[in-house]
Amino acid sequence: MKHFSEASKVLEGQQMFQILSQARQLEQAGRDIVHFEIGDPDFDTPPNIVEKCIEALRRGDTHYTNSSGTEGFKRAAADITQRSRGFRPSHDQILVTQGGNVQIYYALACTVNPGEEVVTVDPCFVSYRSIMKLLGIVPVGVPLYEENQFELDPADLEKAITPKTRMILINSPHNPTGAVLGEAEMKAIYDIAEKYDLYLLSDEVYGRMVYEDADTKFASPSVYDQCKERTIIVHSFSKSYAMTGWRIGAMTAPADLVARMQLLLETTTSCVSPFIQAAAIEAMTASQSAISAMMQEYRQRRDLMVGLLNQIRGVSCQYPKGAFYAFANVKKSGMTDREFADHILQQAGVTACPGSFFGRHGEGYVRFCFANSSANIQKGMDRLLALFQ
Ligand SMILES: Cc1ncc(COP(=O)(O)O)c(C=O)c1O
């Protein structure tokens, strides 16, 4: 039987997992590989968070729960939003989900029809395009330029809007470039969304990950309408709390949209495990010192990696202001980004993602994730320095 739906044929998935599986094959054949391809913190989840999960399991917190999330989770999420963004969403504006990725699917599926357009950035996180194609939505990518530190120019964004546009989808701090948008740009983007009466989805999964020496602070467009009118915040515990495998996140959005997304969640996954929600409550309510310690460490790793990347012949790289990715320009290496990534994997046992995975405007760049130990960063970069002598 070989009958597949048209929708399934356009799925792109996350190509970095394909690099990971290539690398695993080489490892099985005995090669030592240094991994910079996947955005997965090498830190373990802080132990107090793990303990709360175990306690909840022992208590018998192992049943179905309210499909939009437990009241305890929503209270903690509203508190943390109050502290971080200065407004308190009501409980019916919060939806607890299995990580951030699926939130993008819920939001798009519940707001945009097939054939309509969503304006986002190019390069962008790979799932955006894949989900849009699955839903028959037309992605419109606004190019990001290295000379602008990969920051989205609101004027370029406005030019991309047509009568078919239904949503603007932004991401700051940005994967794959580490760019961070300042308050003035955020306000300008919010004003455009308001002017054309569009939803504004703000992917803030790296919202806690801005480096203290960056000249820009984290800004969220949610402050302008408190997620009551058009702003949808995508948030996840994956990156900042080192909880990628737990699959937990929460979105904040207008209540009527949350009600529809809750139905979609209920239809597809029923609810999020209550013991995982218990762990996330601990993450939100306990001391945030573990996050600060991880950020200090990421900053040192960033400096180490970018400093060494800039010593490699044919490679140059700006210092990212947020997230944990170095987006290196490899145009002078004489190879395409895909050739470059393949070459370093085969010849040096180093994995990284070609920029073109993230869109046409990522061509000529390679993304190196520095959520790896300093020793491994040094080892991987030493191999590249030797390879490109
Ligand atoms: C920009 C961005 N959004 C969302 C996600 C999804 O993260 P998760 O599903 O682990 O919460 C990622 C993961 O890499 C990402 O980079």
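Here are some short exercises on a predicted model, each with a worked solution.

**Exercise 1: the two domains**

Work out how the protein is divided, and which elements of domain 1 touch domain 2.

*Solution.*
- Start with the bounds: domain 1 takes in 6-44 + 289-387, while domain 2 covers 47-285.
- Next, check the spacing: 24 Å separates the C-alpha centres of domain 1 and domain 2.
- Now look at the contact, to which domain 1 brings 34 residues and domain 2 brings 35 residues.
- On the side of domain 1 that touches domain 2, α12 and β10 (325-329) are the elements that give two or more residues.
- The top giver on that side is α12, with five residues.
- Finish with the classes: the side of domain 1 that touches domain 2 has 15 nonpolar, eleven polar and eight charged residues.

**Exercise 2: one face of α14**

Find the buried residues of helix α14 and say where they sit around its axis.

*Solution.*
- Locate the helix first: α14 spans residues 374-387, which makes 14 residues.
- From first C-alpha to last, α14 reaches 20 Å, close to the 20 Å expected at 1.5 Å a residue.
- Then pick out its buried residues, which are Ile377, Gly380, Met381 and Leu384.
- These cover an arc of only 95° around the axis, so they end up on the same side of α14.
- Turn to the other side of α14 and you'll find Ala375 and Ala386 exposed.
- As for what covers the buried residues of α14, look for β1 (34-35), α12 (289-309), α13 (337-348) and β11 (350-351) among the elements there.

**Exercise 3: now try α13**

Do the same for α13: which residues are buried, and what covers them?

*Solution.*
- α13 has twelve residues and reaches 16 Å between its first and last C-alpha, close to the expected 16 Å.
- Its buried residues are Asp337, Phe340, Ala341, Ile344 and Leu345.
- Look down the axis of α13: the buried residues fall within an arc of 125°, so they line one face of the helix.
- The cover over them includes α2 (15-28), β11, β12 (353-354), β13 (365-369) and α14.
- Step just past the end of α13 and you meet Gly349, with a positive phi of about 65°.

**Exercise 4: two loop residues**

Decide for Asp42 and for Asn175 whether each is buried, partly exposed or exposed, then find their contacts.

*Solution.*
- Asp42 sits in the loop between β1 and α3 (47-59).
- Count its surroundings: Asp42 has 15 other C-beta atoms within 10 Å, so it is partly exposed.
- Setting aside neighbours within four places in sequence, Asp42 is in contact with Ala371, Asn372 and Ser373.
- Asp42 and Asn372 are 330 residues apart in sequence, yet their C-alpha atoms are 5.5 Å apart in space.
- Move on to Asn175, in the loop between β5 (165-171) and α8 (183-195).
- Asn175 has 25 other C-beta atoms within 10 Å, so it counts as buried.
- Not counting residues up to four places away in sequence, Asn175 touches Gly39, Phe125, Tyr206, Ala323 and Tyr325.
- Asn175 and Tyr325 are 150 residues apart along the chain, with 7.1 Å between their C-alpha atoms.

**Exercise 5: around the ligand**

Name the residues that come nearest to the ligand, and sort the shell by class.

*Solution.*
- Of the 13 residues around the ligand, the nearest are Gly99, Gly100, Asn101, Ser236 and Ser238.
- Sorted by class, the shell holds two nonpolar, ten polar and one charged residues.

How values were computed
Residues numbered from 1 in each chain as written. Predicted model: local features only at pLDDT ≥ 70, side-chain atom pairs only at ≥ 80, totals over all residues. Near = placed C-beta within 6 Å. Nonpolar A, V, L, I, M, F, W, Y, C, P; charged D, E, K, R; others polar. Helix = DSSP H or I, 4+ residues; strand = E, 2+ residues; numbered from the N terminus. Expected span 1.5 Å × (residues − 1). Buried ≥ 20, exposed ≤ 12 C-beta atoms within 10 Å, placed from the backbone. Arc of directions from axis to C-beta. Contact = placed C-beta atoms within 7 Å. Domains from an automatic or database assignment.
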